[in-house]
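Visitor: I've got a structure to look at and a head full of questions. Mind walking me through it?
Guide: Happy to, so let's put it up.

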Amino acid sequence: MTRSRSLAIALVAALVAATAPAATAATITMSGSTSIAPLATKLAKAFVKQPQYKGKVKFVILQGGSDIGITDVSRGRVTLGMSSRDPKAADPGGIVFNKIARDAVCVVSNPSNKIPSLSQTQVQDIFSGRVRSWSQVPGATASGPIDLVVRTAASGTQDAFQNIFMGQTLRVAGSATTKSSNGLQAQTIKSDPNAIGYASFHFTAGLHSIPYQGVPCTLRNAKSGQYAGSRNFYLVSRGTATGVAKAFINFARSNPTALSLIASNWVPLR
Amino acid sequence: MSPEGIAARLPGRRGPGGASAAPGSTGFWSDARVERILGAVACLVLAVIVGMIVFVFSKAWPSFAANGLAWFGSGGDVDLQLEDIFNSPANPADYVYHLRAWPLLWGTFVVTAGAVLVGIVFSLFAAIFIVEFAPPRLNRVLEPVVRLLAAVPSVVYGLIGILVIVPWVGEHLIGLERRESVANVVQLDGSSVVVGILILTVMIVPIMIAIVVDALRAVPRSWTEGAAALGVNRWRVTWTIAVRTARPAIVAAAVLATARALGEAIMLSMVAGSASFAPNPIDGITFLFEPTRPLASALVENVEGLSVTPFGETLFAFAAVLLVSSMFLSLAGFVAKQPMRRYGVRP
């Protein structure tokens, strides 16, 4: 998304100008997942406030989707790629996935349709189009056909949903409405009482998060590991990370400030 | 006459940049130098256009080459095909290119043609009213407002569409029965052909009105006065003489509007493009409520995946088709205007 990219550039340029006037500062450039970008921006702001790095490190954070981050880092265009999907066999060689956090992917519906719970089979039936009417879903208060609202192919959340909920063989029905951004998707689900979709926990405000396998989609349940629908956030480096990039990854993994930042909307590793 | 010829007649000219105080050669900005600089700028525009066409086509070629003419045909689900292309293996020999883009092409055609047809009728009558019938006081408000409307960014229309019109259409115009009748093929949630056409019409009508108004004003006064002197009423004078004379301008307005409609991406992606689906006219009224995704919207919605080589090449193929259709459009507009030129005014 060019717009979100340039927005991110502007944001980060402002951040850099405010925090790192030193010309000798080392620069960490990042690109990739739009789901990780809000977290990465927060972490970067905290990192440059650390006494030993103050004025010595600058960040430039671009977005574009997980695959863009992975391609960019494998070609050496950025220091770190942001990936919200697990490594694939087809990924370019020589890159290392460094896990920094976990994220809950919630199945969401219109707030008026408070479905008590869905099992994995039910989610697969609904999204693959085997079940097409709300009357066939126990506990649903909506009536009439089910409207699937999903994301376009290049979305990391789409990829995560496919891997966690649908598995390798099933696919989302072709009749589904596909939206190009989290905001459009949420807006569509909000305005359509028959809609169901999925979203990263960070984007579920104003929607009904449906408990999955009886476990509500909350940060607490994702942290404890009870909620099954969670995915990993990675910072991808070319070879093993070195220097400030390595320090930044360690900071995100173990620094108390970073861990509490992550815990605000995501799931820290410890 | 050649430029050199003109230059030779200008007094006091000493060659490019020559330091002379004589008129016609004012220091650095001598005529010869200005001519060369402006010529270079004009050539640069040409070079940019040619370069762009070459670039887009060279990028798009693998997608066309892999699919052949079937690229333009129908078959399968475009969204799933795009997903497969996006998930191609890393090895260039195994890249997936399979694509049948017909739903996107048909969607582009339906929305553009619908909006331009409705727009021509609207703008023609609005322009006739402004030029011939509206009281001057009303005109002083109406014309600036029309020109202002032409400048509203499309994303504003898109926001109004997705927050107000799409939910309204989904709730009030699409009944349960209609939803269920096509539920196995496509979802009717309000983002639809009819909303796309409606908002696109609102977007293109102001510029069409402005062009047609200018053309109607340019009709020679003596022609209409002559007809009026023969006792013909105002409406017939306007319809048989002014509108007939202004036909090239109406064609020009339609061409310009079509070009804008073809390239409209953001707004249509927000209000119509919820699925890469080819709306089927056989479905009757339901056809209007089916979603569709024009080429430009498909391009902008998938731009996230540009870095995946085969996916990027597919997006460039969309761009190439848009580029060629707008070139054909200018050509068609030019040809259509030829037989009308003898009626007089030019746009």
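Guide: One definition before we start: a salt bridge here is a side-chain nitrogen of Lys or Arg within 4 Å of a carboxyl oxygen of Asp or Glu. Also keep in mind that this is a predicted model.

Visitor: Okay, then which residue forms a salt bridge with Asp67(A)?
Guide: Asp67(A) sits in helix 3 of chain A, and its partner lies in the loop between strand 3 (80-83) and strand 4 (95-109), so the pair ties together parts that are 18 residues apart in sequence. The closest N and O atoms are 3.0 Å apart, and the partner is Arg85(A).

Visitor: Is Arg85(A) buried or exposed?
Guide: Buried means under 20% relative accessible area. Asp67(A) meets that cut-off at 15%. Arg85(A) is buried too, with a relative accessible area of 2%.

Visitor: Which other side chain does Arg85(A) meet in a salt bridge?
Guide: This partner is buried, just as Arg85(A) is. The N to O distance is 3.0 Å, and the residue is Asp91(A).

Visitor: How many residues of helix 3 of chain A are buried?
Guide: The helix covers residues 66-74 of chain A. The buried ones include Ser66(A), Ile68(A), Gly69(A) and Val73(A), along with Asp67(A) from the salt bridge we just discussed. Helix 3 is largely enclosed by the rest of the structure, because the buried count is 9 of the 9.

Visitor: And which residue with a positive phi follows helix 3 of chain A?
Guide: Its phi is near 75°. The residue is Gly76(A).

Visitor: Which residue of chain A has a positive phi although it is not a glycine?
Guide: Most residues other than glycine have a negative phi. This one lies in the loop between strand 8 (208-210) and helix 7 (219-224) of chain A, and at 41% relative accessibility it counts as partly exposed. With a phi of about 55°, it's Gln213(A).

Visitor: Let's go to where the chains meet. How much area do chain B and chain A bury between them?
Guide: The size of an interface is often given as the accessible area lost when the parts come together. Here the contact takes 41 residues from chain B and 38 residues from chain A. Of the buried area, 48% is on carbon and sulfur atoms, and the total is about 3100 Å².

Visitor: Which element of chain B gives the most to the side that touches chain A?
Guide: On the polar side, the interface has 3 salt bridges, and one pairs Asp84(B) with Arg171(A) at 3.2 Å, N to O. The elements of chain B that give two or more residues to this side include helix 6 (154-173), helix 7 (176-181) and helix 3 (78-86). The biggest contributor gives 5 residues, and that is helix 3 of chain B.

Visitor: Now chain B by itself. How many helices does it have?
Guide: Chain B has 347 residues, and 45% of them count as buried. Its strand count is 0, while its helix count is 15.

Visitor: Which residues join Glu143(B) in one salt-bridge network?
Guide: Start with Arg147(B), whose closest N and O atoms with Glu143(B) are 3.9 Å apart. Being 4 residues apart in helix 5 of chain B, the two are separated by about one helical turn. Arg147(B) is partly exposed at 43%, whereas Glu143(B) is buried at 17%. Salt bridges that share partners link Glu143(B) into one network with Arg147(B), Asp214(B) and Arg217(B).

Visitor: Which backbone nitrogen does the side chain of Asn67(B) reach?
Guide: Asn67(B) is in helix 2 of chain B, and at 10% relative accessibility it counts as buried. Leaving out residues up to four places away in sequence, it touches Tyr97(B), His98(B), Leu99(B) and Arg100(B). The side chain comes to 3.1 Å from the backbone nitrogen of Leu99(B).

Visitor: Last one: how much accessible area does the nonpolar surface patch with Val41(B) have?
Guide: Val41(B) lies in helix 2 (residues 31-67) of chain B and counts as partly exposed at 46% relative accessibility. The patch also includes Phe28(B), Trp29(B) and Ile49(B). Together, the patch residues have about 680 Å².

Terms used: Residues numbered from 1 in each chain as written. Chains lettered and ligands numbered in written order. Predicted model: local features only at pLDDT ≥ 70, side-chain atom pairs only at ≥ 80, totals over all residues. Heavy atoms only, no water. Patch = residues over 30% accessible without salt bridge, like charges linked within 9 Å, V, L, I, M, F, W, Y side chains within 5 Å. Areas by Shrake-Rupley, 256 points an atom, 1.4 Å probe, with all protein chains shown as cover. Buried < 20%, exposed > 50% of the residue type's maximum accessible area, 1.4 Å probe, protein only. Contact = heavy atoms within 4.5 Å. Buried area = accessible area lost by both parts, 1.4 Å probe. Polar contact = N/O pair within 3.5 Å; in protein donor to acceptor, adjacent residues only side chain to side chain.
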